[in-house]
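Please walk through this protein–DNA model one piece at a time. Keep the sequence and the coordinates side by side as you read.

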Protein chains: 2
Amino acid sequence: MSKPIQRHSRQRQVILEELRMQTTHPTATELHQLAKQRLPNLSLGTVYRNLELLTRTGLIRRLDTRGGEARYDGDCTHHFHVRCLRCGRVNDAHGLSAAPVKEQVQTLDGYRILGYRLEFEGICPTCQKRPTRQR
Amino acid sequence: MSKPIQRHSRQRQVILEELRMQTTHPTATELHQLAKQRLPNLSLGTVYRNLELLTRTGLIRRLDTRGGEARYDGDCTHHFHVRCLRCGRVNDAHGLSAAPVKEQVQTLDGYRILGYRLEFEGICPTCQKRPTRQR
DNA sequence: TTTGCAATCAGGAACTATTATCAATTAAGG
DNA sequence: CCTTAATTGATAATAGTTCCTGATTGCAAA
């Protein structure tokens, strides 16, 4: 059972390009809408399949998500994110480092530590302007 | 529309107790199995409903999860987690401080920052012993 | 070129985790 | 007790994602 050869497909190319054009960390559905403008009968399944494949080969990053949809990031340099607790949008937080924290950890309960993720939570500018919903 | 009065139910009590007894940050399903031993006809819906309510009132914490199921933590003191990239289990990482990191950020792109989450990724002891799956 | 074949596709069904609905039950205050 | 509304179990519905089918396509060797 050898590793399958990855070949070049127009769909994958377009999906990757569209993701890289965005700074908004789109969801699979959003990306599907965008890419569909160039490939009208691109299926959502194909978008998911390729996002998975591109994530696996390290060309893009998949961002965790609080319950909702996964978001994707075309920028693989090490950086962090700020997530809006109201609307769920995600922005970059460049220029920060959690390296001092990482240095505190080599192993943790026998885990072999491979990396870390740091994410800030808050309210985005747009949501700050919007009145708070009634509970 | 006033806030409903929260009353005391046996189910909620048991769910909370079982969660607090665990150090493993169980998923809703796992917790359902555990609590069912004490309340045999406890429904999964009730578990979800109460986990949501307890999270909202701040008695427990819901942990983000990479795609799969949400996990819950009965310990609300501020601490971090290590997640196994292979099996998804989560352990605590007490005794670390990310305060220096937080101090780097007051506002970020106009966001009002309310908190941050730091999570380590690695391979847990059990999975280190298991041979790597073929790709 | 043409051909062979595995990688990839579109479309839709299936699956998984979670939330909503609803009639019946039950906690809590009067 | 009695009333009222929160809560429950059971079940249906939803959302996001993955899986399956048969058709298509990129690529390498003939």
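His25(A) is buried, at a relative accessible area of 2%. Buried here means under 20% relative accessible area, exposed over 50% and partly exposed in between, with a 1.4 Å probe and protein chains only. The loop between α1 and α2 (28–36) of chain A holds His25(A). Its phi is positive, about 55°, although His25(A) is not a glycine. Most residues other than glycine have a negative phi. In chain B, His25(B) sits in the loop between α1 and α2. Phi of His25(B) is near 55°, again positive in a residue other than glycine. His25(B) is buried, with a relative accessible area of 3%.

Some ground rules. The model is predicted: local features need pLDDT of at least 70, side-chain atom pairs count only at pLDDT 80 or more, and totals for chains, interfaces and linings use all residues. Residues are numbered from 1 along each chain as its sequence is written, chains are lettered from A and ligands numbered from 1 in the order in which they are written, and side-chain values use heavy atoms, with hydrogens and water left out. Helices (H or I, at least four residues) and strands (E, at least two) are DSSP runs, numbered from the N terminus.

Now take helix α3 of chain B, residues 44–56. It has 13 residues and reaches 18 Å from its first C-alpha to its last. That is close to the 18 Å expected at 1.5 Å a residue, where the expected span is 1.5 Å times one less than the number of residues. Thr46(B), Val47(B), Asn50(B), Leu51(B), Leu53(B) and Leu54(B) are buried in α3(B). Seen down the helix axis, these buried residues fall within an arc of 165°, so they line one face of α3(B). The arc is that of the directions from the helix axis to the C-beta atoms. Their cover includes α1 (10–21), α2 (28–36) and β2 (71–73) of chain B. Just after α3(B), Gly58(B) takes a positive phi of about 85°.

Next, DNA strand C. Around it are 18 residues, of which Ser9(A), Arg12(A), Thr46(A), Tyr48(B) and Ala70(B) come nearest. A residue is near a strand if one of its heavy atoms lies within 4 Å of it. Of the strand C atoms within 4 Å of the protein, 73% belong to sugar or phosphate and the rest to bases. A side-chain N or O atom of Arg49(A) is 2.9 Å from a phosphate oxygen of strand C. Arg7(B) turns to a base: a side-chain N or O atom is 3.2 Å from a base nitrogen of strand C. Such polar contacts are pairs of N or O atoms within 3.5 Å. α3(A) gives the most to this surface, with three residues.

Finally, DNA strand D. Which residues come nearest to strand D? Of the 18 around it, they are Tyr48(A), Ala70(A), Ser9(B), Arg12(B) and Thr46(B). Sugar or phosphate accounts for 70% of the strand D atoms within 4 Å of the protein, and bases for the rest. A backbone N or O atom of Ala70(A) lies 2.9 Å from a phosphate oxygen of strand D. A polar backbone atom of Asn41(B) is 3.1 Å from a phosphate oxygen of strand D. The largest share of the surface near strand D, three residues, comes from α3(B).

How values were computed:
Polar contact = N/O pair within 3.5 Å; in protein donor to acceptor, adjacent residues only side chain to side chain. Contact = heavy atoms within 4.5 Å.
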